[in-house]
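These are my notebook entries on a set of aromatic rings, the charges over them and the sheets around them. I begin with the charges and work outwards.

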Amino acid sequence: MHLRIIGENLPGRTWCRDDGSPLEGVHVGVQVRRAPAQLVSAGADRAEWDVDVDVIDVDGQPDFRGPVVQGRRGARFVYLTWGNVDASGDFEMFRRAKLLLSEIPPDLVRPGIASRSMLVATVDLTGPDGGPRCARVDPPAIDWRLELL
């Protein structure tokens, strides 16, 4: 199944850590295994990531697999990883947002397993503190839908 993550309301390229130290090259990407991928500047108007995930049926429940899928069965998720990109292009992670695949209603996922479809998550990327959204992302900060291709 194809997964598209659409990030809206990005917090901006600059941000201060909790200790007050400034970051001026804030980027966000999807985490593939342990590495960030498809980095987008947090100053962009919108971010979009397209990845593939395998969905199988395990005991009547959908289970997700693939390089972007983290966690164990029954608690799968995708990380959006926030980091600062310095002048040399090095990425230093400082936060992650957890998109809970296990919280998607099975009735939304099941039709997509048998058809050509795309699971779409629209995510508000600015957290309550005005900085990059982190930790578990719950509605209304995330909206899941299925689009037929």
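Entry 1, charges over rings. I looked up Lys98 and found that its charged end sits over the ring of Phe77, 4.3 Å from the ring centre; I count a charge as sitting over a ring if NZ of Lys or CZ of Arg is within 6 Å of the ring centre and within 35 degrees of the ring normal. I then turned to Arg96, whose charged end sits over the ring of Tyr79 at 3.8 Å from its centre.

Entry 2, conventions. I note that this is a predicted model, in which local features need pLDDT of at least 70 and side-chain atom pairs count only at pLDDT 80 or more, while totals for chains, interfaces and linings use all residues. Residues are numbered from 1 along each chain as its sequence is written, and side-chain values use heavy atoms, with hydrogens and water left out.

Entry 3, aromatic pairs. I pair rings of Phe, Tyr and Trp (its six-membered ring) if their centres lie within 6.5 Å, calling planes under 30 degrees apart stacked, over 60 edge-to-face and the rest tilted. By this rule I count two aromatic pairs. The centres of the Trp15 and Phe94 rings are 5.1 Å apart and the planes lie at 20°, so I enter this pair as stacked. It links distant parts of the chain, since Trp15 lies in strand β2 (residues 15-16) and Phe94 in strand β10, 79 residues apart; strands here are DSSP runs (E, at least two residues), numbered from the N terminus. Phe77 and Tyr79 form an edge-to-face pair, with 4.8 Å from centre to centre and 70° between the planes.

Entry 4, burial. I use buried for under 20% relative accessible area, exposed for over 50% and partly exposed for in between (1.4 Å probe, protein chains only). Trp15 at 16% counts as buried, Phe94 is buried at 18%, and both Phe77 and Tyr79 are buried.

Entry 5, sheets. I treat two strands as paired if DSSP finds at least two bridges between them. Five strands form an open sheet with mixed pairing in the order β5-β4-β9-β10-β12, and its edge strands, β5 (35-41) and β12 (135-137), each pair on one side only. Strand β10 (residues 91-100) runs parallel to β12 and is joined to it by three bridges, and Ala97 has Ala135 in β12 as its bridge partner. Four strands form an open sheet, again with mixed pairing, in the order β6-β1-β11-β13. β6 (46-52) and β13 (142-148) stand at its edges with a single partner strand each, so one side of each is left without a neighbour in the sheet.
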